[in-house]
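Trainee: I have a new structure open and do not know where to start. Can you walk me through it?

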Amino acid sequence: MPAPKRGTKRGRKKGISVYRPFIFGSIAKYIDPTTRPSTVNVDHTHQWTLYVKPCPPHPDLSYFIKKVQFKLHETYTNSLRTIEAPPFEVTETGWGEFEVQIKIYFVPEANEKPQTIWHHLKLHPYGPDAERQRERKEPVVSECYEEVVFNEPVEAFYELLTTSGGGGLGRGKGSKGSKQMNVGGGKGDRVAELPFEGMYSQKEEGRELDRLGDAIKTVEIMVKDERRRLEEREKTLADLRSGEGTAVKAR
């Protein structure tokens, strides 16, 4: 996601790229009609929160992010919400899913233009376990891991990045095949959507392996049944042909 450089008299760190990770996404919870607050619209089925948050174990984003702007669906009052201090999040209620524009503004020391990302607000579970999730009224979490890469940052911002928070520092462009939000030149795009439990979830991986194992067993049973039916059809066909041959000889 390239961004044009702004003119500056401050020198840039030539050949240097610094990246900082973060997570953006949403969590949606079903509203129980029997306990619905009187202030919530009776047509609204979910309460949700949109957010941009640090990627563990790094606790803070405010040293390089000045503010975050969330552009909600136009049916919301004050649909353009600007959050100028952590936590960078917006909580609302509603009944429908929609695309959210998230614009990230960097601190003045960065001397870089804001960057825009998009997120689909999910209210309902999807996938093989969706029906059970609906029955259990589980929260629906949809989030993505992102890396913002500052290519050749100005010296003042470089010092800020390398003395505050965590992340990485490298020379030159991102490695081939890397997917990152690039600032100050270069190309990149979003990384991966995270599973419900979060990044690198062994629990989620185990569940996926169990589902694959069950699917393999189901396919094996289907193959055996189909093979049995095929053998039965071939036997029936052989009996019919044998019967026709006997009838011809009798004539």
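Mentor: We will go from the whole chain to its core, a helix, a sheet and two single residues. Keep in mind that this is a predicted model.

Trainee: How many helices and strands does the chain have?

Mentor: There are three helices and 11 strands. Starting at the N terminus, the order is β-β-β-β-β-β-β-α-β-α-β-β-β-α.

Trainee: And what share of the residues is buried?

Mentor: Of 251 residues, 34% count as buried. The chain exposes about 15,600 Å², and 53% of that comes from carbon and sulfur atoms.

Trainee: What about contacts, how many join residues at least 24 apart?

Mentor: Taking contacts between residues at least 6 apart in sequence, 71% join residues at least 24 apart.

Trainee: Let's go inside. Which residues of the largest nonpolar core touch the most other members?

Mentor: That core has 39 residues, and the ones touching the most other members are Phe22, Trp48, Val52, Phe64, Phe70, Leu72 and Ile102. At least two core residues come from each of β1 (16-30), β2 (46-54), β3 (65-71), β5 (88-94), β6 (99-106), β8 (140-151), α2 (155-163) and β10 (181-183).

Trainee: Which of them gives the most?

Mentor: β1 does, with five residues.

Trainee: Take Phe22, then. What does Phe22 touch?

Mentor: Leaving out residues up to four places away in sequence, Phe22 touches Val52, Lys53, Cys55, Leu61, Ile104, Ile117, Cys144, Tyr145, Glu146, Val148 and Met181.

Trainee: On to α2. Which residues of α2 are buried?

Mentor: Phe157, Tyr158 and Leu161 are the buried ones. They lie on the same side of α2, because they cover an arc of only 105° around the axis.

Trainee: And what is on the face turned away from that buried side?

Mentor: The exposed residues Glu159 and Thr163 are carried there.

Trainee: Does anything from elsewhere come in here? Say, what is Lys13 in contact with?

Mentor: Apart from neighbours within four places in sequence, Lys13 contacts Glu152, Pro153, Glu155 and Tyr158. Tyr158 is one of the buried residues of α2. Lys13 itself lies in the segment before β1.

Trainee: Is Lys13 buried or exposed?

Mentor: Neither word fits, because the relative accessible area of Lys13 is 28%, which makes this residue partly exposed. Its C-alpha atom is 6.1 Å from that of Val154, although the two residues are 141 apart along the chain.

Trainee: Now the sheet with four strands. In what order do they run?

Mentor: The order is β4-β3-β6-β7, in an open sheet with antiparallel pairing. Its edge strands are β4 (80-83) and β7 (115-120), each of which pairs on one side only. Ignoring direction, neighbouring strands are turned by 20° against each other on average.

Trainee: What holds strands together in a sheet, in general?

Mentor: Strands of a sheet pair through backbone hydrogen bonds, and the pairing is either parallel or antiparallel.

Trainee: So how many bridges are there between β3 and β4?

Mentor: Four, in the antiparallel sense. Within this part of the sheet, Gln69 stands opposite Thr82 in β4.

Trainee: Last one, Arg20. Where is Arg20 found, and is Arg20 buried or exposed?

Mentor: Arg20 is in strand β1. With a relative accessible area of 5%, Arg20 is buried, since the cut-off is under 20%. The C-alpha atoms of Arg20 and Phe150 are separated by 8.3 Å, with their positions 130 residues apart along the chain.

Terms used:
Residues numbered from 1 in each chain as written. Predicted model: local features only at pLDDT ≥ 70, side-chain atom pairs only at ≥ 80, totals over all residues. Heavy atoms only, no water. Buried < 20%, exposed > 50% of the residue type's maximum accessible area, 1.4 Å probe, protein only. Contact = heavy atoms within 4.5 Å. Areas by Shrake-Rupley, 256 points an atom, 1.4 Å probe, with all protein chains shown as cover. Core = buried A, V, L, I, M, F, W, Y, C linked by side-chain atoms within 4.5 Å. Arc of directions from axis to C-beta. Pairing = 2+ DSSP bridges. Axes fitted to C-alpha atoms, helices over the stretch in contact; angles between N-to-C directions.
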